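Please look through the structure shown here, starting from a single side chain and moving outward to the sheet and its surroundings. The paragraphs that follow are meant to be read with the model in view.

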Amino acid sequence: MSDKIRPIRGVNDIYADAAPYWDRLEQAVQQLFAAYGYTEIRLPVIERTELFKRSIGEGTDVVQKEMFTFETRGGTSVTLRPEATASCVRAAITNGWLHNQRQRMWYRGPMFRYERPQKGRYRQFHQVGAEAFGFPGPDVDAELIFMSARLWQALGLDDLTLRLNSLGTPASRVIYREQLTTYFREHADALDDDSRQRLELNPLRILDSKNPQMQELIAAAPVITDHLDDESEQHFGRLCELLNDRGIAFELDSRLVRGLDYYTRTVFEWETDALGAQAAVCSGGRYDGLVEQLGGRSTPGIGWALGVERLVELLQISDQPVPTSAPHLYLVMVGAEAERTGLALAETLRDRYPQLRLASHCGGGSFKSQLKAADRSGAQAALILGEAEVAAGTVALKPLRSDDQQQSLAAAELAERVGSFLT
Ligand code: ATP
Ligand code: MG
């Protein structure tokens, strides 16, 4: 036997146990976006490296250390997308979707970041995200936050905290940036290596440090909300009002700056206590300069992205009923004639009940071994066809999850009974 091929570190297969939770999340998400008039966009997973450098920012961890970048045979530098906002903007510009138009779009799919893999942090992970283009006011900020709150409700997750901040405009940030630089320079001995680097590239990023030793220094730093321009302040005030109207609780956090450079004004993050260090489950913000920065006509934008793996994890540890993809029924067929009758019967049942999950036993074997497989499949009941049933034109229905008696049913009776397994 040759050596086993090993998977890539931080890249997972999603199957059996986890898959139903993914389905559940995706169904809720589709319903959510339909309810708010967002259209799905299916984006490429690969883009020019330049796209991410110019949008996420050269001074960010994502661009500096986390991208999967390589050259094509033709010599173009390309990158597996670490996030999809930049791609949405690129797509909108490429296809001219922003000319005198507003767009509300959503996406789902894998993202790639070369991080240190650990629970809740992978190298291939998945996001669902929403973006709205062409809406300058705080009404759409509120809409996007309402949507996320509605999703948690639909999923039965009631323990998430919303943190909210405003970053103002790039112009209003200039003075703050200087103050912050002065402050951290004065405390240069207390900075870790990462922060020292960030001080030169982008001092705001120091506020995003996860190093516990840095937290005291960060807590005493000047705050951005003291430096907002009037319009940003009004925008933020209005958003808070709209959230209050709707009864959505939030914490103001003037240290929330987010890990990507393109944000302006509103930024927010939904967090959980239940997943240890990987607390953020959904984050987003406004990026009014990004479209122009990537060569489009100046257009405001705002969006959020949620981490599917982290939400699935929350669903798995919540005490909600476990969603199942187990078959309703498992068809046992013993002997060549039974197999022939059985396969035809299975097709008839699937024709009649498109929702029916029916697993046919393939590969033959003894009655006993087939019944064992039926039990293992998680099915509610086994349909049994042996020589005797074929001769009599009947099928035996054997409940697998209760002590109810096995019954012998004629084909027409059986077709009726199957409906009762679907509710
Ligand atoms: P973190 O602070 O945990 O690194 P982030 O700020 O880098 O998160 P975003 O870029 O805002 O995350 O991505 C949105 C969401 O995607 C996060 O809130 C998180 O739930 C999820 N996410 C980000 N990186 C990963 C990863 N490597 N593995 C799994 N989920 C991730
Ligand atoms: Mg990160």
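Arg196, with a relative accessibility of 37%, counts as partly exposed, where buried means under 20% relative accessible area, exposed over 50% and partly exposed in between, using a 1.4 Å probe and the protein chains only. Its side chain meets that of Asp193 in a salt bridge, at 3.6 Å from N to O, a salt bridge being a side-chain nitrogen of Lys or Arg within 4 Å of a carboxyl oxygen of Asp or Glu. Asp193 itself counts as exposed, at 61% relative accessibility. Because Arg196 and Asp193 are three residues apart in helix H7 (residues 193–201), about one helical turn separates them; helices (H or I, at least four residues) and strands (E, at least two) are DSSP runs, numbered from the N terminus.

This is a predicted model, in which local features need pLDDT of at least 70 and side-chain atom pairs count only at pLDDT 80 or more, while totals for chains, interfaces and linings use all residues. Residues are numbered from 1 along each chain as its sequence is written, chains are lettered from A and ligands numbered from 1 in the order in which they are written, and side-chain values use heavy atoms, with hydrogens and water left out.

The structure holds 26 salt bridges, and two further examples can be set beside the one in helix H7. The side chains of Glu50 and Arg54 meet at 3.1 Å, N to O, and since these residues are four apart in helix H2 (residues 49–56), they are separated by about one helical turn. Glu50 is partly exposed at 44% relative accessibility, and Arg54 is likewise partly exposed, with a relative accessible area of 39%. Glu143 and Arg104 also form a salt bridge, at 2.9 Å from N to O. Glu143 lies in helix H5 and Arg104 in strand E5, so this pair ties together parts that are 39 residues apart in sequence. Here Glu143 is buried, with a relative accessible area of 16%, whereas Arg104 is partly exposed at 27% relative accessibility.

From these side chains the view can turn to the sheet. Strands of a sheet pair through backbone hydrogen bonds, either parallel or antiparallel. In this model eight strands form an open sheet with mixed pairing, in the order E1-E5-E6-E11-E10-E9-E7-E8, where two strands pair if DSSP finds at least two bridges between them. The edge strands, each pairing on one side only, are strand E1 (39–40) and strand E8 (251–252).

Starting from the E8 edge, strand E7 (residues 161–166) is joined to E8 by two bridges, and the two strands run parallel. Arg163 has Glu251 as its bridge partner in E8, and Leu164 has Leu252. Leu164 also stands opposite Phe268 in E9, for E7 and strand E9 (residues 264–271) pair in the antiparallel sense over six bridges. Five of the six residues of E7 are buried, so this strand is largely enclosed by the rest of the structure. Further along, six bridges join E9 to E10 in an antiparallel run, and Val267 stands opposite Gly285 in E10. Strand E10 (residues 280–286) is mostly covered, with six of its seven residues buried. Five bridges then join E10 to E11, again antiparallel, and the partner of Gly285 in E11 is Gly303.

Helices accompany this sheet. Helix H1 (residues 19–36) lies across strand E5 (103–112), strand E6 (124–133) and strand E11 (301–307), running at about 160° to E5; axes are lines fitted to C-alpha atoms, for helices over the stretch in contact, and angles run from 0 to 180 degrees between N-to-C directions. Helix H4 (residues 85–94) packs on the sheet as well, touching E5 and E6, and its direction makes about 45° with that of E6.

A final stop is Leu157, which sits in the loop between helix H5 (138–154) and E7 and counts as buried at 11% relative accessibility. Leaving aside neighbours within four places in sequence, Leu157 is in contact (heavy atoms within 4.5 Å) with Trp152, Leu311, Leu314, Leu315 and Gln320. The C-alpha atoms of Leu157 and Leu311 are separated by 9.1 Å, although these residues are 154 apart along the chain.
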